[in-house]
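Student: Could you take me through one part of this model in detail? I'd like to see how a pair of helices sits together, and then what goes on around a neighbouring topic, the strands.

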Amino acid sequence: MSRAPLPYNPKVLELFRHPKNLGKMDDATVTAVAGNPLCGDMITFYLKINEQDVIEKASFESYGCAANIATSSIVTEMIKGMKLEESWKVSWKSVAEAVGGLPSVKFHCGILAVGALKRAIRKYFKDKGSSPEWLQKEPSFEEKQALEDEELAKVLSKKMKTEEK
Amino acid sequence: MKAHEGLRHEVYLDNENSTIVPKEVVDAMLPYYDKRAYGNPTLTHKPGWEAFEIIMESAQKTSAFLGCKSLEEVNFTPGETEANNLALIGSTLSLKGKGKKVVVSEVEPISILNVTEILQKNGFTVTKIPVDREGFIDLEKLSEVVDKETVLVSLSTVNHEIGAIEPIKEALETVRDKNPETLFHTDASDAYGRIPLNVKELNVDLATVSSYKILGPRGIGALYVKESVNVEKILEGQIGTQRLWPGLENTPLIVGFVKAMELAFGRFEDNVKHMRGLRDRLIDGITGSVSRVSLNGPRGEKRVPDNVNISFLKCEGEALTIEFSLKGVYVSSGSACSRRLLQPSHVLVALGRKFDEAHGSILMKVTRCHTEEDINYVLEVIPKAVERIRGIVGSTEVE
């Protein structure tokens, strides 16, 4: 059992207690999942995007810790009303700042929240069969990290299964 | 801590990781800071002699509670971790040239498992005995692995996380049958004050006990070392009254530790009955009111009277501990989301629990000081808290 100290600031705790935009969105334009329970966090992001590529609504569900819930909540608030191009520029650092800072051992929770957002944006354009110029071909830092977490989780899952009684 | 303001009631159940020290214990300790026995027990003046006397008296009482042959067999250490380090490193140092094998179980505390890594670096082969789904050690496997080369076996009397009362007597007989020379150490920190324990009758060579685990102060513990057993000290410094632990004795902590023993053993049967009743109310109350939960470890008489360890499926452990905390119920989780990969409890993994069971596990320990009212409050908080956390998980597929 790891015992790294977790000094959450009041804003993280407040968002954990009263997360904004929580829950499944039935009329979502796009849905994306990032993470794996083995990573400790798994997030589902729902975006309602209009014809002008503006995010009208965003919501989330999270199997994750307080940091993950707080960062997911703040991301959904930050991107509401934004054009997709603008929301693509949201970085995990700006999210961490918006929740008043995160303990370093919890950075990955914020990275995953932004990874889920970027994955949703990429999926939206893939479904649409188009790719705007601003959408970088290579995965963003957050997407790469989410993918790495998932790959690591698969390895661990395999290891646990072979050890299962 | 503003988020915690206005709590109606608070119940501390994280007694695996630290405990509330009862007033009687604190009161017993305080005079030893400034009124008497504040001297160094090895020096020739009144405060020193007083310290020497009270430390000897404390060792005598500890020796009686543990069932030792004499007070010489009691060695106070700064805690369970230090006693376990001393037991494993100190005994193997004294057994140089006699064999290179050490046996532990997969579910030992970190202060045993991490020390075996040091032993491995020093040329020992370490075998970890598996456990069954309830956490009981595999005696057949133990019999298979112990041989003439085995110098030390270390198995906890009670598992610290899931409360299984291990078949230590049988394990010891198994080991002695295979090699009568093998030293047997048991970390009895989670057994002491909860189940009958007598080191002489049990015939172990080394045993660890911890103060805070019986509601004594933190920072003190003891290692029982049988008279005939050689253990080398692992730290160098000025030796005082403790031949295996150098440095100035912490007299107030020793006094507090012994006071905690007196309170635990003074009404032992009543205390055990009380804890067992609260434990079962907690287990039955949670399993009866919350869906998709499973108890980790055995039920009934084979479980230590204070331990409750329950997995809440479709819940992330840290989120649960924080939600409980915001309602005034303090517990710990079997995993911690503090690295990129969540670290599940090695004990639950050894039991064959799936990752979501390990990640949603909550460890609670009741004490003789808890009341029915405390447990009622916990049973009121938990179902609502679990429901809220599961609401955040929503349709995210985790199972």
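Tutor: Let's start with two helices of chain B in this predicted model. Helices α4(B) and α5(B) count as roughly parallel to each other, because their axes cross at roughly 30° and angles under 35 degrees fall in that class. α4(B) covers residues 80-94 and α5(B) covers residues 110-121, and their axes come within 9 Å. As for handedness, the α4(B) and α5(B) crossing is right-handed.

Now for the strands, with β5(B) as our anchor. This strand takes in residues 150-154, and 5 of its 5 residues are buried. β5(B) pairs with β3(B), residues 101-105, in the parallel sense over 4 bridges. If you want a spot to click on there, Val102(B) stands opposite Leu152(B) of β5(B). β5(B) is also joined to β6(B), residues 183-187, by 3 bridges, and again the two run parallel. Here you can pick out Ser154(B), whose bridge partner in β6(B) is His185(B). The link between β5(B) and β6(B) involves a helix too: with α7(B), residues 168-178, they make a right-handed β-α-β unit.

One more helix to round off the tour is α9(B), residues 251-266. Its 16 residues reach 22 Å from the first C-alpha to the last, close to the 22 Å expected at 1.5 Å a residue. Of those 16 residues in α9(B), 13 are buried, so this helix is largely enclosed by the rest of the structure.

Definitions and conventions: Residues are numbered from 1 along each chain as its sequence is written. Chains are lettered from A and ligands numbered from 1 in the order in which they are written. This is a predicted model: local features need pLDDT of at least 70, side-chain atom pairs count only at pLDDT 80 or more; totals for chains, interfaces and linings use all residues. A residue is buried if 20 or more other C-beta atoms lie within 10 Å of its own, exposed if 12 or fewer, and partly exposed in between; C-beta atoms are placed from the backbone. Two strands pair if DSSP finds at least two bridges between them. A crossover is right-handed if, with the strands pointing away from the viewer, the path from the first strand over the helix to the second runs clockwise. The expected span of a helix is 1.5 Å times one less than its number of residues. Axes are lines fitted to C-alpha atoms, for helices over the stretch in contact, and angles run from 0 to 180 degrees between N-to-C directions. Angles under 35 degrees count as roughly parallel, over 145 as roughly antiparallel, 65 to 115 as roughly perpendicular and the rest as oblique. A crossing is left-handed if the near helix is turned anticlockwise from the far one by less than a right angle, and right-handed if clockwise.
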